Amino acid sequence: MDHRSSKGICYLIGDPVAHSLSPIMHNAAYAVLGLDMEYRALRVRREGLEQAMKSLRSQDVIGLNVTIPHKSTVMPFLDDIDDVAKEIGAVNTIVSRDGELKGHNTDWLGALDALGQAGYGPGKGRKGLVLGAGDSARAVIYALAKADMDLIVSNRDPEKAEAISKRFGRMTTIIPVSHEELPKHIHDISLIANCTPLGMEGFPRELPLDPDLISKEMTVLDLVYVPMETLLLRAAKEKGARVAYGYEMLVGQGARSFELFTGRKAPAEVMRRVVLENLKEAGHQ
Ligand code: NAP
């Protein structure tokens with residue numbers, strides 16, 4: 001194994017990053033495997049991205065995670081991007097080797113992990129509704145389209161929903177639908193995925209869709225993980241639906257990033273345990 005991959009620094013870059021659970025999750029993984037590594041969060045504003053990417057090309061930095069608002073704007077600063085991240089149009093993981101930066105996307109795998117934990121198997125003949133059309137929605141849509149699901153996408157800005165339907169139209173059928181039209185389309189939906197920030201800090205009392213559209217045959221995935229039980233997930237449970245948690249996606253994408261950074265199998269159980277402990281300690285259950 002490349003000796004640099006078990007020694008060095010990894011960063012999360014984004015804005016905001018102060019309350020991210022990624023540092024405690026990755027540092028716990030390094031500690032349990034005895035790796036000489038450290039994971040830090042670095043606040044990088046939109047206008048500071050180019051400069052930050054120059055200074056992060058150092059010998060000590062072996063990997064980066066990228067979060068809001070840089071997942072697509074970071075792409076021009078990389079030397080290489082894998083085909084999946086190109087197709088999704090977003091990078092959340094960057095591996096640095098010998099001065100070269102290569103972009104990857106592990107969010108789509110994290111979403112599949114979260115669905116798997118909930119017992120939902122995406123597949124042909126199943127239909128999903130994706131709420132939102134941003135960087136994470138593209139990763140979730142990629143994951144579901146790759147599993148041959150047909151999709152409906154609904155977004156505040158309808159032009160972005162149109163653009164997503166065109167972008168992934170080669171993989172599957174994706175119908176852009178306004179929020180008002182959702183009742184007409186909901187009857188054969190087996191999965192709802194919230195890829196908007198509604199439900200998290202800043203919007204804790206807002207639901208991304210009318211809870212009366214949820215039925216007990218459905219699985220509801222919420223990418224929001226603070227709080228762990230969002231209003232949407234609570235409503236889903238009340239309707240008897242299965243729920244898939246955002247923190248499981250966080251652990252899943254983080255474990256895949258860890259493996260790209262270090263070349264080792266991620267201690268996913270340890271990562272999940274510290275994330276859950278921290279969510280509970282902070283009262284974010
Ligand atoms: P993004 O690229 O900024 O996209 C945000 C999306 O949410 C856009 O579709 C936007 O609609 C919509 N939106 C924002 N504010 C809204 C509002 N007030 N009302 C209705 N729609 C609104 O962000 P992202 O990277 O996709 O992240 C979205 C959420 O997923 C965040 O909460 C993030 O923390 C979470 N996330 C979680 C994980 C995980 O591992 N659990 C991974 C990635 C992301 P417009 O297009 O109309 O602006």
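This note goes through a predicted model point by point, beginning with the ligand and ending with the loops.

1. The surroundings of the ligand are a good place to start reading this model. There are 23 residues around the ligand, and those that come nearest are Ala 133, Ser 136, Asn 155, Arg 156 and Lys 160. When the shell around the ligand is sorted by class, eleven residues are nonpolar, six are polar and six are charged.

2. Two of the residues just named can be followed down to single atoms of the ligand. In Ala 133 it is a backbone N or O atom that lies 2.8 Å from an oxygen atom of the ligand, whereas in Lys 160 it is an N or O atom of the side chain that is 2.8 Å from an oxygen atom of the ligand. Leu 223 should be looked at as well, since a polar atom of its backbone is 2.9 Å from a nitrogen atom of the ligand. As for the ligand as a whole, it has 930 Å² of accessible area on its own, and the protein covers 81% of that area.

3. Which helices each supply at least two residues of the shell around the ligand? They are helix 5, which runs over residues 135-146, and helix 9, which runs over residues 246-262. Of the elements that contribute, helix 9 gives the most to this shell, with three residues.

4. Helix 9 also packs against other helices, and helix 1, made of residues 22-33, is one of them. The axes of helix 1 and helix 9 are 11 Å apart and the angle between the two helices is about 50°, so helix 1 and helix 9 are oblique to each other. The crossing that helix 1 and helix 9 make is a right-handed one.

5. Helix 10, residues 268-281, packs with helix 9 at an angle of about 140°, and here the axes are 10 Å apart. An angle over 145 degrees would count as roughly antiparallel, and helix 9 and helix 10 are therefore described as oblique to each other. The crossing of helix 9 with helix 10 is right-handed.

6. Helix 1 and helix 10 meet as well, with axes that come within 9 Å and cross at roughly 140°. That crossing angle makes helix 1 oblique to helix 10, and helix 1 passes helix 10 in a right-handed crossing.

7. The remaining points concern the backbone in the loops, where a general expectation is helpful. Most peptide bonds are trans, and most residues other than glycine have a negative phi.

8. Against that background, two bonds that lead into a proline deserve a careful look. The peptide bond from Asp 15 to Pro 16 is cis, with omega near 10°, and Pro 16 lies in the loop between strand 1 (7-14) and helix 1. Ile 68 and Pro 69 are likewise joined by a cis peptide bond, with omega at about 5°, and Pro 69 is in the loop that runs between strand 3 (61-66) and strand 4 (80-81).

9. Is the phi of Asp 98 positive or negative? It is positive, near 50°, and Asp 98 is a residue other than glycine. This residue, Asp 98, belongs to the loop between strand 5 (93-97) and strand 6 (100-104).

Methods. Residues numbered from 1 in each chain as written. Predicted model: local features only at pLDDT ≥ 70, side-chain atom pairs only at ≥ 80, totals over all residues. Heavy atoms only, no water. Near = heavy atom within 4 Å. Polar contact = N/O pair within 3.5 Å; in protein donor to acceptor, adjacent residues only side chain to side chain. Areas by Shrake-Rupley, 256 points an atom, 1.4 Å probe, with all protein chains shown as cover. Helix = DSSP H or I, 4+ residues; strand = E, 2+ residues; numbered from the N terminus. Nonpolar A, V, L, I, M, F, W, Y, C, P; charged D, E, K, R; others polar. Axes fitted to C-alpha atoms, helices over the stretch in contact; angles between N-to-C directions. Parallel < 35°, antiparallel > 145°, perpendicular 65-115°, else oblique. Left-handed = near helix turned anticlockwise from the far one by under 90°.
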